[in-house]
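Reader: I am new to this structure and would like a close look at a single part of it. Please take one charged pair and its setting, and then show how other parts compare.

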Amino acid sequence: MTPTVGTNRRAFLLGSAAAAAGVMLGACSAGDDRAGDDTAGNGTKGGGGKADGVGSSKKPLSAPAEFHEAPMLAAQVKAGDLPPVKDRLPARPYVVPHNWLEPGKFGGELRMMTPKVSDGQVREYMYGHSILRYLNDGMDIGPGIAESWESNADASEWTLHFREGLKWSDGKPWTTADILFWWEDLVLDEDHSAVPPDEMRSGKGTLAKMTAPDDFTLVLTYDAPAPLTADRLATWVSGGNGDVGPIWTLPRHYVEQFHPKYNPDAPADWASKDGVFYTKADFVRNPECPTLTGWRVTSVKEGEVLRWERNPYYWCVDPDGNQLPFVDRLIMSVVQDAQVGKLQVQEGRYDYVHGPFAQLALADVAGLKETADRSGVETVLWDNGDGTGNACFFFNYDYHDEKMRKLIREPAFRQALSLAFNRAEVQKAVHFGMGEATTGTMSPKAVEYHVGSEGPDVYRSWRDAYNAYDPEAAKKLLDELGVVDKDGDGKREMPDGDKLTIVLTFAANPNDVVSQSNNLMVRDWRRIGLDVREDPIPPESMDPGWQSGKIMGRGDWGVGDGPNCLVFPQWIVPIEPTRWAPLEGQFYNVRGTPAENAERDKDPYDRTPPRMEPEPGGPIEKLWKLYDQCKVEPDEMKRHQLVWEITKIHVEEGPFFQGSVANTPSLTVAHRDLGNVPRKENLAQGGFTAPWIHPTPAVYDPEAYFWRNPDEHGGSGAGA
């Protein structure tokens, strides 16, 4: 077996994005987002990068001969309160490989915002607990706390080699026992709610066996090939309480005291979501809990502010040997009202705001530019990389009403509605002419659509399948289905003459982009004679109604997943109950379990949970068969071909979800004095912010951001 320290995931990169729609947007962040292997693959051993560098090194950089630390830590070392920096770092620390990095300065604080102190977005800033990491906008996989990894020929056994000398923020050593605790005492404990992540299941769906030959080696053994293991280990951000990604590792020496196996006095509800274990083992909510992230929480004031300061044992350095982070402290203020947050940004209250977390959109650019002199912030536009836009519409393929369900399952009905939608108007009115009009796909940045000549062709065939605005063609399809105006009231009826009403449900208080897009879509559908009703409901009502088949269609979600189509395939293959075929997705969930054959005598909608088998020979059965092949196919090119076959089903028998305008820019706000915040032209694919499984901005290492004048931003600094 050959050790792997980096995986090249793509030979062909996404072409240039659409040109900016005006001088204002073009001035925010310009440049071709095409990056060749020469730029994305070349890093430096030391000396830092340059502000116009593109992409990140595919191969890990060698550790510098000397290391440097923040002045606040140097003072503690001198006082005897901390070991020297070389003794706090692993034997081989992670060297941040981005080619755009400049040599930084230590010091200062960064003012940020969050809707609540424990919100999942807080974790998306820090990749510190993750075993592997995505690089180059998902094109490559790099090391994390594991410095190398390997698999056998059929990918049924994976070996992970972790960094010797890795330490928690309290200085205690990290070992594989910290992973085994999570696996054996949480995941495998029936009293605990932690569940096995996808990377711990083989292609057959059975659990892997986890063993640790020593303190820094972990072996995962599967009963069948598990070729997506490395991809899945790079997704999400691990650690904490598992509300964003799987936990994977916990400071066993600290959290054992809250587990009844090690402490008989632990309370009976220790394992509940709000129980003592989840609360105490969460480094975001509990300042006493050790962490592996660049900053550690120092105080939590619920509803007001979350404060962090640098972790003296953070295991990452820059190419010059500076232990990261550069910024001493983070101050995350709670702002629950998005409009208030936008005003505060314009007033200069914050130094760094990741726009998707604060509902910042292109419409906010003008106001931000007008107040830039006062606020000191600049707008940065990264591609979001989604395949549908935020206002993706999809019918419930398993809707409870049999007559309506039959119509929904007619491809021509869904195709007609797609053709009736004027996406060019949405692109102009909502997205300032940016992005690409689309039928609705997985991410255009997904690896499968950048392979050879066939990959881009498959993607374009999906994107353009039912994308053109053609209301006459839409009317003709409806006429052929018998969906015509039978009673002369100007509205089309069901084929049998019954009333037809399309109900578009969405979570109440949607953002402006969703509202505007949905309003235009509803108008277009009404123009071809359809009766459409909008139905805003409380967000907490959505999942129960959807998964039981009671909600007809929804329009408040988007498809942003990647970096490949298989690492999180729920949109293209119904394998769980939240997307376009919920009852069949739930049936996939129980295959191979006693529930598969239970309650056969009951109506699918009366089963617990509601579930149904797919139609024999229908599209979902075909998708399942192809996906089941993907899961055990170790040859990457053959997996790509299977994904193309899945895509063709979506083209020929879809659309199963309907997009509007995809891959539009997402807005980030950064103070003009803040260095190492990449611009679009620095990023290998121009950015990829949409999927939480590609954790942005963690993938760009905010720990490497620095103040050029730290004295002016809450603290003294020194040149590195």
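Author: Glu621 is partly exposed, because its relative accessible area is 24%, and the cut-offs for that class are 20% and 50%. This value, like the others here, comes from a predicted model. The partner of Glu621 is Lys625, and the two side chains meet in a salt bridge with 3.9 Å from N to O. Lys625 is exposed, with a relative accessible area of 51%. Both residues belong to helix α20, which covers residues 619-631. They sit four residues apart, about one turn of the helix. An α-helix has 3.6 residues a turn, so residues three or four places apart point the same way.

The pair is one case among others, as the structure holds 46 salt bridges. A second case joins Glu109 and Arg329, whose side chains meet at 3.6 Å, N to O. Glu109 lies in strand β4 (residues 109-114) and Arg329 in strand β14 (residues 329-334), so this bridge ties together parts that are 220 residues apart in sequence. Arg329 is partly exposed, at 26% relative accessibility.

A third case is the bridge between Arg554 and Asp556, where the closest N and O atoms are 2.9 Å apart. Arg554 has a relative accessible area of 8% and is buried. Asp556 also counts as buried, at 17% relative accessibility. Salt bridges can also be joined up: Arg123, Asp243, Asp282 and Arg285 are linked in a network of them.

Another residue of helix α20's chain stretch serves as a marker of distance. The C-alpha atoms of Leu626 and Asp512 are separated by 38 Å, with their positions 114 residues apart along the chain. Asp512 is found in helix α17 (residues 512-527). Its relative accessible area is 48%, and Asp512 is therefore partly exposed.

Next comes helix packing. Helix α21 (residues 636-653) packs against helix α15 (residues 454-463) at an angle of about 20°, the axes being 9 Å apart. That angle makes α15 roughly parallel to α21. The crossing of α15 past α21 is left-handed. On the α15 side, the contact is made by Glu454, Gly455, Val458, Ser461 and Trp462. On the α21 side, it is made by Trp644, Thr647, Lys648, His650 and Val651.

Helix α13 (residues 411-419) is mostly covered, with eight of its nine residues buried. The buried ones include Arg414 and Gln415 as well as Phe413, Leu417 and Leu419.

What remains is the nonpolar interior. In soluble globular proteins, nonpolar side chains tend to be buried together. Here the largest nonpolar core has 97 residues, and those with the most contacts inside it are Ile131, Met210, Trp248, Trp308 and Tyr352. Helix α5 (residues 177-187) gives the most to this core, namely seven residues. Apart from it lies another core of 40 residues, among them Tyr397, Ile537, Tyr588 and Val651. Val651 has already appeared on the α21 side of the contact with α15.

Tyr352 shows what surrounds one residue of the largest core. Leaving aside neighbours within four places in sequence, Tyr352 is in contact with residues that include Leu110, Arg111, Met112 and Tyr125. Its contacts also include Trp382, Leu674, Val677, Pro697 and Tyr705. Leu110, Arg111 and Met112 fall within the range of strand β4, residues 109-114, where Glu109 of the second salt bridge is also placed.

Note on methods:
Residues are numbered from 1 along each chain as its sequence is written. This is a predicted model: local features need pLDDT of at least 70, side-chain atom pairs count only at pLDDT 80 or more; totals for chains, interfaces and linings use all residues. Side-chain values use heavy atoms; hydrogens and water are left out. A nonpolar core is a set of buried Ala, Val, Leu, Ile, Met, Phe, Trp, Tyr and Cys residues joined through side-chain atoms within 4.5 Å. Buried means under 20% relative accessible area, exposed over 50%, partly exposed in between (1.4 Å probe, protein chains only). Helices (H or I, at least four residues) and strands (E, at least two) are DSSP runs, numbered from the N terminus. Contact means heavy atoms within 4.5 Å. A salt bridge is a side-chain nitrogen of Lys or Arg within 4 Å of a carboxyl oxygen of Asp or Glu. Axes are lines fitted to C-alpha atoms, for helices over the stretch in contact, and angles run from 0 to 180 degrees between N-to-C directions. Angles under 35 degrees count as roughly parallel, over 145 as roughly antiparallel, 65 to 115 as roughly perpendicular and the rest as oblique. A crossing is left-handed if the near helix is turned anticlockwise from the far one by less than a right angle, and right-handed if clockwise.
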